[in-house]
Amino acid sequence: MKKHITIILSAIVALTMVSFMAKDSVLLRLKPQVGKTMTINMKSSQIMTMNVQGQSIANSQTIESKTEMTATNITADSIFCTAKMKSMKMTQSAMGMTMTYDTEHPEDANPMLAGAMKPFQDAIDKELQVVFDPLSKTMKMPSENIPNISATYPVEAVSVGSQWTADNTQNIAGTDIVMTATYTVTKITKKETTVNVESVIKSDIASGTNSGSMGIDNATGLTKTSTIKTNMSLTISEQGLSIPTTVTATTTLNIE
């Protein structure tokens, strides 16, 4: 008799836990605090390998940036923010030579990088307006140097195992890059939702994939941390040559 009671009680506990977990859901919406400035720290490390007339040439590059963003107004369908890039540092290694440029110390820069980095230097502390919708889809992004702050969210609430897809188009160096991302919720706590992401990248000149995970703050809808790995193939046109190129990169982001 006691054995049967124990089995029944265990079953009740298990069913209660399953029922509780099924109700454990969150409605993801972008709702940063108006007037509060957040700092977006991003680091991207990539290796670019080019095949030039049968010879493989590789170079590596690391970019670190710090951007401040402040929500200035929130309406029913728009989140208006101001964004300022505060600093950017780039280190590039190619053919046995390493060069560095830091916008906080331009006087120490390698002259060979000065021309390429001038647009970034000029962009420091310039205020730009960025607009998102409540699902965190970018409605206005005046510069490709401002990092995305979130995934694009579904209309309905999500729970562990929920999955959705979203398209995101970015214009990079005059080329539209379309990313179709599939998001899967892997964990939900009282404060944070963890989401895995798998993206397919397509454009006229490039194709590839992104994969990684992000931790989303339930209260604000902001991506507090993310790590994304990229594998991409593209063709570069240089001096009449079409150069097959592969790029592997790891990009990390955190918001303070």
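**Notebook: folds, a pocket and two odd phi angles**

I started with the secondary structure: the chain comes to 2 helices and 14 strands. I'm working from a predicted model here.

Next I looked up the totals. The chain has 256 residues, and 36% of them count as buried. For exposed surface I got about 14800 Å², with carbon and sulfur atoms supplying 55% of it. Then contacts: taking those with a separation of 6 or more, I found that 50% join residues 24 or more positions apart.

On to the second largest pocket. I noted about 150 Å³ of space in there. What lines the second largest pocket? From one part of the chain I wrote down Pro-32, Gln-33, Lys-36, Thr-37 and Met-38. The rest of the lining is Asp-217, Thr-220, Leu-222, Lys-224, Ile-255 and Glu-256. Sorted by class, that lining has 4 nonpolar, 3 polar and 4 charged residues.

Last, I checked backbone angles. Most residues other than glycine have a negative phi, so I wrote down two with a positive one.

Asp-125 has phi near 65°. I found Asp-125 in the loop between helix 2 (111–123) and strand 6 (128–132).

Ser-136 has phi near 75°. Ser-136 sits in the loop between strand 6 and strand 7 (138–140).

Is Ser-136 buried or exposed? Ser-136 has a relative accessible area of 4%, and the cut-off for buried is under 20%, so Ser-136 is buried. Asp-125 comes out at 42%, which lies between 20% and 50%, so I put Asp-125 down as partly exposed.

Notes:
Residues numbered from 1 in each chain as written. Predicted model: local features only at pLDDT ≥ 70, side-chain atom pairs only at ≥ 80, totals over all residues. Heavy atoms only, no water. 1 Å grid on protein atoms, 1.4 Å probe; cavity = no way out; pocket = protein on both sides within 12 Å on 5 of 7 lines; lining within 4 Å. Points joined across faces, edges and corners; volume = space filled by probe spheres on them. Nonpolar A, V, L, I, M, F, W, Y, C, P; charged D, E, K, R; others polar. Helix = DSSP H or I, 4+ residues; strand = E, 2+ residues; numbered from the N terminus. Buried < 20%, exposed > 50% of the residue type's maximum accessible area, 1.4 Å probe, protein only. Contact = heavy atoms within 4.5 Å. Areas by Shrake-Rupley, 256 points an atom, 1.4 Å probe, with all protein chains shown as cover.
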